[in-house]
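Reader: Mind walking me through this one? I'd like to go through it piece by piece.

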Amino acid sequence: MSTITTRPAADENLAAKLPDETLRKWLRDMLLIREFEVRTMQAYQNRLIGGFCHIYVGQEAVAVGALAALEETDPIITAYRDHGHALARGMDPKYCMAEMFGRIGGCAKGKGGSMHMFDKPHHMYGGHGIVGAQCPLAAGLAFARKYTDEVIENRASTGVAMCFLGDGALNQGAFHEAMNLAGVLHLPVIYVVENNGYAMGTSVARGTTMAHELTAKAAAYGIDATSIDGMDVMEVYNGMKPIVDRCRRSVQPAFVEARTYRYKGHSMSDPRKYRTKDEEQQYEAQDPIEKLAGFMMSERKFAEADYDSLAKAVRKQVREARQWTDLSPPPDIEELYTDVYADAWGPYHGTSLPLMMKETQQE
Ligand SMILES: Cc1ncc(C[n+]2csc(CCOP(=O)(O)OP(=O)(O)O)c2C)c(N)n1
Ligand SMILES: [Mg+2]
């Protein structure tokens with residue numbers, strides 16, 4: 001029988017030992033996500049983006065800190081609040097922006113939109129709109145990595161899959177089935193719950209679950225669980241790095257709760273009437289970007305001018321992403337029939353709509 005442990009967050013400040021360049025990259029990545037999201041909100045309000053759109057502002061430290069603990073080839077997967085993860089994984093913002101605008105220059109040729117950021121070269125497997133749907137897929141990604149690394153390539157260690165989900169997803173059946181499988185099959189997968197306190201308008205405290213200590217969910221499956229401060233990128237890294245290393249070494253799943261907050265509404269159409277301005281301001285006062293910049297200014301060679309030049313560089317990058325998007329046309333109607341089946345010679349292989357209808361009628 002396995003031992004169930006709720007581990008304390010790391011007590012070693014691993015992040016503080018990292019070089020200036022690494023911390024500068026984290027700050028840049030968080031600034032990029034923030035700027036990107038601000039421009040996204042503006043474009044949405046100007047009706048340039050259609051469909052659902054969920055903003056990641058406030059949660060930047062989770063994606064940036066957690067991904068920093070992984071190898072670049074470790075697969076990741078997330079829910080619909082996915083722009084931040086895509087950018088932190090290295091997706092060029094132009095592909096991310098064009099995707100949201102439904103343009104051919106987007107990462108999924110504009111056919112996925114805001115909720116479906118995919119980036120195979122960076123091992124990012126979406127962007128999923130069904131709450132909890134990414135959890136079993138993550139188990140599959142971990143299984144595939146374990147099988148390939150251990151059985152086919154005979155490597156000493158395996159890749160680690162990281163699955164991000166929201167606090168609301170913990171109440172989905174898919175999550176529980178995936179956790180059970182991950183446990184019994186010894187899968188190297190880490191479920192990272194971004195506990196931003198709310199599932200749409202319902203708060204965890206008011207009752208999406210009676211298990212208010214979210215780590216208790218993992219105990220039922222004999223999986224180690226840890227809770228970390230998701231508003232501090234250094235703390236996220238400090239908490240995640242030993243877990244990732246352990247998961248890779250011992251080929252076991254893990255569960256992490258990152259306590260965070262979304263500054264904006266659930267989606268662009270949410271007036272946030274279920275919470276107070278005071279509450280929002282309390283969290284905004286712990287802003288992860290300001291926290292890291294403050295650390296770098298007091299502990300490292302990093303001045304106000306360095307911050308300004310990073311901020312300027314990301315503004316330029318996001319402006320260029322908008323230009324790329326504006327120059328990129330919507331996908332052609334033929335694109336409706338591509339990327340549907342893995343086998344390109346399946347029933348829909350890019351034939352034009354009228355021709356297909358004719359073929360169907362003849363059958
Ligand atoms: C299976 C399913 N049920 C309901 C919904 C509607 N829905 C969309 S987001 C959401 C809340 C999820 O909250 P959480 O998992 O905490 O993620 P967050 O939005 O806070 O990032 C719900 C209920 C859905 N998309 N899928
Ligand atoms: Mg939530």
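Reader: Which residues does C163 touch, not counting residues up to four places away in sequence?

Author: First, some housekeeping: this is a predicted model, where local features need pLDDT of at least 70, side-chain atom pairs count only at pLDDT 80 or more, and totals for chains, interfaces and linings use all residues. Residues are numbered from 1 along each chain as its sequence is written, with chains lettered from A and ligands numbered from 1 in the order in which they are written. Touching here is contact, meaning C-beta atoms, placed from the backbone, within 7 Å. Leaving out residues up to four places away in sequence, C163 touches I77, Q134, C135, A138, V189, I190, Y191 and V192.

Reader: And which helix gives the most to the largest nonpolar core?

Author: A nonpolar core is a set of buried Ala, Val, Leu, Ile, Met, Phe, Trp, Tyr and Cys residues joined through C-beta atoms within 7 Å. The largest one has 93 residues, and C163 and I190 have the most contacts inside it. With nine residues, the top contributor to this core is helix 1.

Reader: Do tell, where do the buried residues of helix 6 fall, seen down its axis?

Author: Helices (H or I, at least four residues) and strands (E, at least two) are DSSP runs, numbered from the N terminus. Buried means 20 or more other C-beta atoms within 10 Å of a residue's own, exposed means 12 or fewer, and partly exposed is in between, with C-beta atoms placed from the backbone. In helix 6 the buried ones are F175, A178, M179 and A182. Looking down the axis, and taking directions from the axis to the C-beta atoms, these buried residues line one face of the helix because they fall within an arc of 100 degrees.

Reader: Which exposed residues sit on the face of helix 6 turned away from its buried side?

Author: The buried residues are covered by elements including helix 5, strand 5, strand 6 and helix 8. On the face turned away from that buried side, the exposed residues are G173 and V184.

Reader: What phi does H186 take?

Author: H186 is in the loop between helix 6 and strand 6. This residue counts as partly exposed because it has 14 C-beta neighbours inside 10 Å. Most residues other than glycine have a negative phi. H186 is not a glycine, yet its phi is positive, at about 50 degrees.

Reader: Is K109 buried or exposed?

Author: K109 lies in the loop between helix 4 and strand 3, and its phi is also positive, near 55 degrees. There are 20 other C-beta atoms within 10 Å of K109, so the verdict is buried.

Reader: What separates the C-alpha atoms of S269 and Q45?

Author: S269 is in the loop between strand 10 and helix 10. S269 is exposed, because it has 9 other C-beta atoms within 10 Å. Along the chain, S269 and Q45 are 224 residues apart, while their C-alpha atoms are separated by 9.7 Å.

Reader: Which helices do the buried residues of helix 12 pack against?

Author: Helix 12 covers residues 304-327 and reaches 35 Å from its first C-alpha to its last. Its buried residues include V314, V318, A321 and T325. Those buried residues pack against helix 1 and helix 4.

Reader: Last one: how many residues in the shell around ligand 1 are charged?

Author: The shell has 13 residues, the closest being V131, G166, G168, A169 and A199; a residue is near if its C-beta atom, placed from the backbone, lies within 6 Å. Ala, Val, Leu, Ile, Met, Phe, Trp, Tyr, Cys and Pro count as nonpolar, Asp, Glu, Lys and Arg as charged, and the others, Gly among them, as polar. That gives six nonpolar, five polar and, for the charged ones, two.

Note on methods: Two residues are in contact if their C-beta atoms, placed from the backbone, lie within 7 Å. The expected span of a helix is 1.5 Å times one less than its number of residues.
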